[in-house]
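These are my notebook entries from an afternoon of looking things up in one structure. I wrote each entry after checking one topic, and I kept the entries in the order in which I checked them.

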There are 2 protein chains.
Amino acid sequence: MMKSMPSTPRPSTQETIAHLKEVPLFSGCSTELLSRLGSVARLSKVPKGKVLYQKEEQASWLYIIRHGWVKLYQETLSGEEAVIDILTDGHMFGEGALFHNGTYTHHAQVVEDAELLLLPFALLKEQIQKESSLALAMLAALSAQHRRQEREIEHLAVQTAPQRIGCFLLKLCTGNEKDIVLHLPYDKTLLAARLGMKPETFSRALNTLRKETGISVSGASITIGDIQRLSDFSCSACSSTFPCEE
Amino acid sequence: MMKSMPSTPRPSTQETIAHLKEVPLFSGCSTELLSRLGSVARLSKVPKGKVLYQKEEQASWLYIIRHGWVKLYQETLSGEEAVIDILTDGHMFGEGALFHNGTYTHHAQVVEDAELLLLPFALLKEQIQKESSLALAMLAALSAQHRRQEREIEHLAVQTAPQRIGCFLLKLCTGNEKDIVLHLPYDKTLLAARLGMKPETFSRALNTLRKETGISVSGASITIGDIQRLSDFSCSACSSTFPCEE
């Protein structure tokens, strides 16, 4: 049975198809397939804090983020939470269940108010088996995720804690201008967990980063005066240069 | 042009097909497709130390390990090596190039003498587009890799250094008997890098693990007297229990 989700008034199929077309996963699909998916997809506004699914739960939906932030996590046997990823606009999640007995492989929770596109899992599974264009698009999407994870493992292996924070900030920068003011997208405790640090390590590392790169920190606001200095400091311990492909 | 590889005398197509059938990726493929792949696949014995490919190089082969160990790695801008993964029997690599302009996404080097099954990249790409059974099998294989990487990120985020070593040793244990003697499959410096540690951290962590779990260490040999004690210690900071699914 499909789990109910708090959902906004149902958009028209045309509107949903337009949303689907924006997602790289569906950009190469036929109009016919898009119509079939568009007629059953849901658009849902989900408030911060909502747990979308639990690990091992039978999968009802595949999710695509239109706006907002979603945390994927595991719980260890001793009860600690391990943050695997925090995703935002354009990212897909829940697809792991396609090849894992139809059950989700981790927990998922909305960490900042989100607008999500939901596709019924059973239909999607059926269509992937029928439509090779969708299977190939899904392969490309999984392959991109794989590269993202490889980069993540690389960072956890060789970057220092201040460099990992610097790298995270650089990914939030869209331009190259002077005096960029950023607002951290979610709270610092969660950010520390996302970067694989204890909160006290995070505070010390942020302080080191401030001294080394001249950024200034005021609550959740961070001002980057010299983006070159920040990227020189952070990207020296990475195989990619700023701005990186992600 | 395909890059030449040191290769053993060409096995018969029937022999190669038999090898392909052992690989989960090809287990669901038609006899016709297996014959097509089997007639062009190569079996290659590759000595320790050989670099198989460099990052950004045009992909010639997709690799499957029959025996041995292969390291995937990146080089950071400051020249440090970041070990992303060390793979063994049954693992596939090089497939990232399928969706990355046909170029490899990392470097690969044989770290212990290996026997590899090589499939011509161009043919494989063509067949994935034609044969939905192969596209689906590739999706399942990528999805399994994705879960392995999620577990890796979880470990790097929450396990202590001694727990990470304990977890690595547990994966080498095949049974539950008493006094298991293991031989580390590759040298300790590489193992440290694989686990995201500096060599000196690795030595301290191995010492802590010895005290906490009663294992004994002599060069590359490790004796586990009480596997339950080792798994209690290591798996408490993991979302899975011993023996885990991988």
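**Entry 1: the sheet in chain A.** I noted before anything else that this is a predicted model. I then looked up an open sheet of three strands in chain A, and I found that its order is 7-9-8 and that the pairing is antiparallel. Strand 7 (180-183) and strand 8 (216-218) of chain A stand at the edges with a single partner strand each, so one side of each has no neighbour in the sheet. I also wrote down that neighbouring strands of this sheet are turned by 20° against each other on average, direction ignored.

**Entry 2: the partners of strand 9.** How many bridges pair strand 7 of chain A with strand 9 of chain A? I found four bridges between strand 7 and strand 9 (residues 221-224), in the antiparallel sense. Going through the residues, I saw that Ile180(A) stands opposite Ile224(A) of strand 9, and that Leu182(A) has Ile222(A) of strand 9 as its bridge partner. I then turned to strand 8 of chain A, which pairs with strand 9 of chain A over three bridges, again in the antiparallel sense. Here I noted that Ser216(A) stands opposite Thr223(A) of strand 9. Strand 8 and strand 9 of chain A form a hairpin with two residues between them, and Gly219(A) in the turn has a positive phi of about 60°. When I looked at the two faces of strand 9 of chain A, I found Ile222(A) and Ile224(A) on the covered face, while Ser221(A) and Thr223(A) are on the uncovered one.

**Entry 3: helix 7 of chain A.** I checked the length of helix 7 (residues 199-213) of chain A, whose 15 residues should span 21 Å at 1.5 Å a residue; the end C-alpha atoms are 21 Å apart, which agrees. Which residues of helix 7 of chain A are buried? I listed Phe202(A), Ala205(A), Leu206(A), Leu209(A) and Thr213(A). Seen down the axis of helix 7, these buried residues fall within an arc of 105°, so they line one face of the helix. On the other side of helix 7, I found that Arg204(A) and Lys211(A) are exposed. I followed the buried residues of helix 7 to what they pack against, and I wrote down helix 5 (161-172), helix 6 (188-194), strand 8 and helix 8 (227-235) of chain A. Just after helix 7, Gly214(A) takes a positive phi of about 75°.

**Entry 4: a serine in helix 8.** I picked Ser234(A), which is found in helix 8 of chain A, and asked whether Ser234(A) is buried or exposed. Its relative accessible area is 0%, and since buried means under 20%, Ser234(A) counts as buried. Leaving aside neighbours within four places in sequence, I found Ser234(A) in contact with Gln159(A), Gln163(A), Gly166(A), Cys167(A) and Leu170(A).

**Entry 5: unusual backbone angles.** I looked up Glu56(A), where phi is near 75°, a positive value in a residue other than glycine. Glu56(A) has its place in the loop between strand 2 (51-53) and strand 3 (61-75) of chain A, and at 49% relative accessibility Glu56(A) counts as partly exposed. Asn101(A) also has a positive phi in a residue other than glycine, near 55°. Asn101(A) lies in the loop between strand 5 (92-93) and strand 6 (107-120) of chain A, and at 70% relative accessibility Asn101(A) counts as exposed. I then checked the peptide bond from Phe242(A) to Pro243(A), which is cis with omega near -5°; Pro243(A) is found in the segment after helix 8 of chain A.

**Entry 6: chain B.** I asked what rotation superposes chain B on chain A. It is a rotation of 180° with 0.0 Å of shift along its axis, and the RMSD is 0.0 Å. The two copies are thus related as by a two-fold rotation axis. I noted as well that 100% of the interface residues of chain B are also interface residues in chain A, so the copies meet through the same surface. In chain B I looked up the sheet of three strands, which is open, has the order 7-9-8 and is antiparallel in its pairing. Lastly, I found that the peptide bond from Phe242(B) to Pro243(B) is cis, with omega near -5°.

Technical notes:
Residues are numbered from 1 along each chain as its sequence is written. Chains are lettered from A and ligands numbered from 1 in the order in which they are written. This is a predicted model: local features need pLDDT of at least 70, side-chain atom pairs count only at pLDDT 80 or more; totals for chains, interfaces and linings use all residues. Side-chain values use heavy atoms; hydrogens and water are left out. Two strands pair if DSSP finds at least two bridges between them. Axes are lines fitted to C-alpha atoms, for helices over the stretch in contact, and angles run from 0 to 180 degrees between N-to-C directions. The expected span of a helix is 1.5 Å times one less than its number of residues. Buried means under 20% relative accessible area, exposed over 50%, partly exposed in between (1.4 Å probe, protein chains only). The arc is that of the directions from the helix axis to the C-beta atoms. Contact means heavy atoms within 4.5 Å. Copies are superposed by least squares on the C-alpha atoms of residues with pLDDT of at least 70 in both.
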